Amino acid sequence: MPKAFPAEFRRDVVAVARRKEAPMSQVAKDFGISQSCLVRWVRRAEIEDGVRDGLTTPRRPTSASSRSATACLNRRTRSCAVPRSTSARASSQNDVPAGP
C-alpha cells in the first residue's frame, strides 16, 4: 500500500509541476515521490479544476469498500438471476408425476 501524503503536500507538488519549470521526473524526484504518482496527482487536479474531462471527487466512490460493495451487488444481481430461474424450473419439473 502506498503511503498517504497530506492534501497540502499534494497541492504544493502539483503547483510546482504545473509551472513546468522542470520535467515531471525531476519534480517527482525532488519531492521523493514516483513520477507515475505525480502524473496521477496532476491529472486529478486538472479534472477537479475542469481543465480535463473526468469525474470530480464528490462523484467518485469514496473508498475501496464502497467500490467493492457495489461490485458485489452487481455480481450478486447478475449471478442470482440465472440460478433462481433455473432452480424454479427444476423444482417444477420434479413436481410432475412420472408416467402411469
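**Note on a predicted four-helix chain**

1. The protein chain contains four helices and zero strands, and, read from the N terminus on, its elements follow the order α-α-α-α. The coordinates under review belong to a predicted model, so the confidence values in the next point deserve attention before any local feature is discussed.

2. Across the protein chain the mean pLDDT is 75, with 52% of the residues reaching 70 or more. Confidence is highest in helix α2 (residues 24-31), where the mean is 96, and lowest in helix α4 (residues 64-95), where the mean is 54. Where pLDDT is low, the predicted coordinates should not be read in detail. A reader new to the model may therefore wish to keep the value of 54 for helix α4 in mind when looking at residues 64-95.

3. Some totals describe the chain as a whole. Of its 100 residues, 14% count as buried, and the chain exposes about 8000 Å², of which carbon and sulfur atoms supply 55%. If one takes the contacts between residues at least 6 apart in sequence, 30% of them join residues at least 24 apart.

4. Two packed helices are described by the angle between their axes and the distance between the axes. For helix α1 (residues 7-19) and helix α3 (residues 35-48), the axes come within 10 Å and cross at roughly 90°; since angles of 65 to 115 degrees count as roughly perpendicular, α1 and α3 are therefore roughly perpendicular to each other. On the α1 side the contact is made by F9, R10, V13, V14, A17 and R18, and on the α3 side by L38, W41, V42, A45 and E46. Sorted by class, the residues of this contact comprise eight nonpolar, no polar and three charged.

5. Helix α3 also packs against helix α2, at an angle of about 105° and with the two axes 8 Å apart, and this pair too is therefore described as roughly perpendicular. Here α2 contributes M24, S25, V27 and A28, while α3 contributes Q35, L38, V39 and V42. The residues of the contact of α2 with α3 divide into six nonpolar, two polar and no charged. L38 and V42 of α3 are named in this contact, and they are also listed in the contact of α3 with α1.

6. E46 merits a point of its own, being placed in helix α3 and taking part in the contact with α1. With a relative accessible area of 19%, E46 is buried, because the limit for that class is under 20%. Leaving aside residues up to four places away in sequence, E46 touches R18, V51 and R52; of these, R18 belongs to the α1 side of the contact between α1 and α3.

7. Two serines can be considered together. S25 is found in helix α2 and is partly exposed, its relative accessible area being 39%, whereas S36 lies in helix α3 and is likewise partly exposed, with a relative accessible area of 43%. S36 and S25 are eleven residues apart in sequence, and their C-alpha atoms are 8.9 Å apart in space. S25 can also be set beside L38: these residues stand 13 residues apart along the chain, and their C-alpha atoms are separated by 8.5 Å. Both S25 and L38 are among the residues that make the contact of α2 with α3.

8. A last remark concerns K20, which is found in the loop between α1 and α2. Although K20 is not a glycine, its phi is positive, at about 60°, and a reader checking the backbone may want to look at this residue directly. K20 is exposed, with a relative accessible area of 71%, whereas E46 in helix α3 is buried at 19%.

Key: Residues numbered from 1 in each chain as written. Predicted model: local features only at pLDDT ≥ 70, side-chain atom pairs only at ≥ 80, totals over all residues. Heavy atoms only, no water. Axes fitted to C-alpha atoms, helices over the stretch in contact; angles between N-to-C directions. Parallel < 35°, antiparallel > 145°, perpendicular 65-115°, else oblique. Contact = heavy atoms within 4.5 Å. Nonpolar A, V, L, I, M, F, W, Y, C, P; charged D, E, K, R; others polar. pLDDT = per-residue confidence, 0-100. Buried < 20%, exposed > 50% of the residue type's maximum accessible area, 1.4 Å probe, protein only. Areas by Shrake-Rupley, 256 points an atom, 1.4 Å probe, with all protein chains shown as cover.
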